[in-house]
Amino acid sequence: MAPGPLNGNRIYFTKEHDMVRRAVADFVQKEINPNVDQWEAEGIAPLKKIFKMMGDLGFLGIRYDPDYGGQGLDYWYDTVFLEELGHIKALGLAVAITVQTHMATPAIEAFGNDHLKNTYLKAAIAGDMVGAIAVTEPEAGSDVAAIRTTARKDGGDFVINGSKMYITNGTQADFFTLLARTGDEPGYHSFSLFVVPSDLPGVTVGRKLDKLGIRISDTAELFFDNVRLPAENLIGSQGEGFIYQMQQFQHERFSLLPFTCIAARDIIDMTVEHIRQRMTFGKPLVARQVLRHRIADWLTEIECLQQLIYHIVRMKEAGLDATREISMGKLAASRVLIGVSNDCLQMYGGLGFMNEMLISRYYRDARGLSIGGGADEVLRDVIAKLEGY
Amino acid sequence: MAVKSKSATQIYFNKDHEMVRKSIREFIDKEINPYMDEWEEQGQSPLHKLFKKMGELGFLGIRYDPAYGGQGLDYWYDTVFLEELGRIHGSGLVVAIAVQTHMATPAIAEFGSEYLKETYLKPAIAGDMVAAIAVSEPDAGSDVAAIQTTAKRENDTYVINGSKTFITNGTQADFLTLLARTSDDPGYHSFSLIVVPTHLNGFTVSRKLDKLGMHSSDTAELFFDNLRVPVKNRIGKEGEGFIYQMQQFQHERFSAIPMSYISAEEMMAMTVEHIRKRIVFGKPLIARQVLRHRLADWQTETECLRQLTYHIVRMKEAGLDVTREVSMAKLYAAGLLTRVADGCLQMYGGLGFMNEMPISRAYRDSRIISIGGGTDEIMREIIAKIELG
């Protein structure tokens, strides 16, 4: 498949963008897609191997400072990278990759000290370490302030106790970017973000969780039992972790949008190929007006989402706060992906219900998008609040 | 009063755009909105008087050649103009204005002779003449090629016979941009676009139509009985009228889009003001999460449509064919506007059902967007044809 956005969107990208796009597309086509069925079946992808290759190619630090091995490029290149991840035929792996690039590392890059950047950011960009973001707990999902994991100051160390849940890359991670309570006071200034190496005594990876979808990505429950962490592993100022994480969430949420948009288009293209060949009552399904119109509606929604994404990129480049637009984008993206995969599965009929079919995987994978990175309902709350309601 | 949108439009519009915006907004606030109730009641607006004022302010030829009195500005200014029209308290008049600027005159500007531009385009831009577009017939709406009105060549004149219906501005128009059959051959090269002055013998307004909404705009059925019009009133080449009209439709459809998202924003703002004050079961309605989330969804869709519109503007400026994107945006605009109007009316409760309420008018007016300028179904046909063949 020819890389790159279709139609009028080519006016936003230069030859330099296309070169990066082709490099990422080639990698996805050669090193990832031929293996995803196997990894999906195994319930885990070999991230250390994949990230090392990606790191060597410069894919894991598109926007990051060249001092730490990054490419120092802008959000348009970042978007090109994220769009090409949408061609991965197992969206769980796209999420695993963006955990590394957009969920577990942005706060280290933005607020971390030199030690953290040299030790973890650099290694994450190079693909020598796998990162994970540890915020969610059994009793605290989108309601982040409800977390109970604590980090108590003890001499020059922090001592961490608690558990984290639904942690993507959890069984393979070399470090966790972890949010913990460092104060008992109510409000948003009682939390801190830490980088916690997974090999410290007291860190246990509990069970690998069995999921409805994104099965190619390992998801784990983590336990922290009196884990002693040097104070230098604190990201930024103590007590500001919640604030940092809210900012990091914007990167996380944004990272889900470009690949969703591209994946939705891939799903439609794949389905159209199928319904051109599938004959019912003497005519190919693609000739049925109701299916054609359904596809037209989804293509319209995809184009709208695409333009909202590029608007966010322009806002980011202009240094504007894009919380409102990213929340809208995430909300629209989950609707599009879930809607497209559901309607396309329908066009496959009984075949679409078989796990061996890719459409079935897309359908299962899509469902996670309305939950992860902030549930649809939380995003609507954010939007309503920002609108001043 | 105009709503301040939370959208980051400042990255696309500069001070010059905002000056144009301000002057249009002031005109609407002073010269239009105070009279809208009266014009709605009368079933039409005084277009000659209104267009003359607008022409003097340079509003009727934003993009047109200064040689004919136009401003010679680009599609961004055009969009500013169309956005501000969305603040008029009655879509009927918005459409009446867009007929003058985007439906009845683009083909004259693009394909018309010097004579036609001097005689009709220039006075239309100056506001000295009111224009209408006469394509639809009792048996030919979106299926344009089914029209039966004929223009038979007799030396230097065309003899026109037939009827046109649902013609906006039809009772007030000084000239019609009319599509007629100039040949009996099947196919798309048997039609011609002709500028028909309404003072000619053989022209009759057979009736002014009573409509569900859009009451501030007059809509007529027109009758042509051996009307003789000089051949020099033909736009461009004989036989190419259908093709010209398909291109003119792109302007028409585009013109419906910016006013749609602005109108949706205005409706939401008005409704939010209402539900802040409306107390039910001891709480203001605005505190109800289900209403807040509904509004958040509409704001998301509004932002999506706005960004798709700006994408279309960039494509137009780059000289690209925007048929796909304009069809998508028209389809999306119709869905958004009807949904928001319906949902906002719901938030008003019984009050919203009263004709005296602006939301009731907005609800009635919104219904036409799914029909006029090509139905939703036709938009989906176009998108499906472009995408699926």
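User: How many residues of domain 2 of chain A are in contact with domain 3 of chain A?
Analyst: In this predicted model, 11 residues of domain 2 of chain A are in contact with 10 residues of domain 3 of chain A.

User: And what are the domain 2 residues on that side like, nonpolar, polar or charged?
Analyst: On the side of domain 2 of chain A that touches domain 3 of chain A, eight residues are nonpolar, three are polar and none is charged.

User: Where do these domains sit along chain A?
Analyst: The domain assignment puts domain 1 at 7-126, domain 2 at 131-238 and domain 3 at 243-386. The C-alpha centres of domain 2 and domain 3 of chain A are 30 Å apart.

User: Okay, switching to helices. How do α5 and α8 of chain A pack?
Analyst: Helix α5 (residues 91-103) and helix α8 (residues 241-277) of chain A pack at an angle of about 150 degrees, and their axes lie 10 Å apart. The crossing of α5(A) past α8(A) is right-handed.

User: Which residues meet there?
Analyst: From α5(A) come A:L91, A:A94, A:T98, A:H102 and A:M103, and they meet A:Q248, A:H251, A:E252, A:S255, A:F259 and A:A263 in α8(A). That contact of α5(A) with α8(A) has five nonpolar residues, five polar and one charged.

User: Now the two chains. How many residues does the contact take from each?
Analyst: Chain A gives 33 residues and chain B gives 32.

User: Which helix of chain B gives the most to that side?
Analyst: That's α9(B), with 15 residues. α9 (289-317), α10 (323-348) and α12 (376-388) of chain B each supply at least two.

User: What's the mix on chain B's side?
Analyst: The side of chain B that touches chain A has 18 nonpolar, five polar and nine charged residues.

Notes: Residues are numbered from 1 along each chain as its sequence is written. Chains are lettered from A and ligands numbered from 1 in the order in which they are written. This is a predicted model: local features need pLDDT of at least 70, side-chain atom pairs count only at pLDDT 80 or more; totals for chains, interfaces and linings use all residues. Domain bounds come from an automatic or database domain assignment. Two residues are in contact if their C-beta atoms, placed from the backbone, lie within 7 Å. Ala, Val, Leu, Ile, Met, Phe, Trp, Tyr, Cys and Pro count as nonpolar, Asp, Glu, Lys and Arg as charged, and the others, Gly among them, as polar. Helices (H or I, at least four residues) and strands (E, at least two) are DSSP runs, numbered from the N terminus. Axes are lines fitted to C-alpha atoms, for helices over the stretch in contact, and angles run from 0 to 180 degrees between N-to-C directions. A crossing is left-handed if the near helix is turned anticlockwise from the far one by less than a right angle, and right-handed if clockwise.
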